[in-house]
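Thank you all for coming; I would like to walk you through a structure that may be new to you. Please take a look at the sequence and the model before I go on.

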Amino acid sequence: MKRILILTILIASFPLLAEAQLKVGVMNPESVLDQLPETEQVQRELDSFIQQRREEFAQQYQSWMESVSEFEEQVENGTLTGEQRQQREQELGEREEEISAMQQRLQTQIQNRQNELLSPIMQRVENAMEAVAQELDLDYVLNRITSRGDPVVYYASERGVDITEQVIERLKEN
């Protein structure tokens, strides 16, 4: 929804852009990142981190599955009393919850690690893009591809026509 609103605003502002002789550049961020040697190193570090976390999770999951299988075998053989069965079911349920929580923690850790590793690279890209935009006297730099929900506008100069208030007023009218 937000992306559609931004695109609508940009399309609506094109007549204003043409009238004001604003200069717009485009950039493909994936191509930029692909050309940086650090990106490959970051990807290797991230892959290693992910592999370690997957192994930790797999060990815990495998241990739980073995416990479940052992419990099912004991139930089939009738070697558990009713009370023992209830206690084991509760223990296995608690372990299942722990494993689920562990999976969520690991996903959060992976996302945080990815952000930590990519943040310096993204800052360098942003700084370089801003410098190039200023050298070329561009008013805006747009993302060439946005199918994944990436930002549409990467850079806007101070000279850019800010239509925020007009859009707010128009929305209030309707």
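To judge the length of a helix, I will use an expected span, which is 1.5 Å times one less than its number of residues. With that in mind, and remembering that this is a predicted model, let us take helix α4, which covers residues 82-135 and so has 54 residues that should span 80 Å, and the 78 Å between its end C-alpha atoms agrees with that.

The helix does have a kink, of about 40°, at Leu118, and this lies shortly before the proline Pro120. Just after α4, Asp137 takes a positive phi of about 60°.

Which residues of α4 are buried? They include Arg88, Leu92, Ile99, Met102, Leu106, Ile110 and Leu117, and further along Ile121, Val125, Met129 and Ala133.

Two of these names come back when we turn to Arg53, which lies in helix α3, residues 37-77. Leaving aside its neighbours within four places in sequence, Arg53 is in contact with Leu106, Gln109 and Ile110, and its side chain makes a polar contact with the side chain of Gln109 at 3.2 Å. Because the cut-off for buried is under 20% relative accessible area, Arg53, at 17%, counts as buried.

Stepping back to the protein as a whole, there are five helices and three strands, running α-β-α-α-α-β-β-α from the N terminus on. Buried residues make up 25% of the 174 residues, and the accessible surface comes to about 12900 Å², with 49% of that belonging to carbon and sulfur atoms.

Methods: Residues numbered from 1 in each chain as written. Predicted model: local features only at pLDDT ≥ 70, side-chain atom pairs only at ≥ 80, totals over all residues. Heavy atoms only, no water. Helix = DSSP H or I, 4+ residues; strand = E, 2+ residues; numbered from the N terminus. Bend = angle between axes of the 7 residues up to and from the residue. Buried < 20%, exposed > 50% of the residue type's maximum accessible area, 1.4 Å probe, protein only. Polar contact = N/O pair within 3.5 Å; in protein donor to acceptor, adjacent residues only side chain to side chain. Contact = heavy atoms within 4.5 Å. Areas by Shrake-Rupley, 256 points an atom, 1.4 Å probe, with all protein chains shown as cover.
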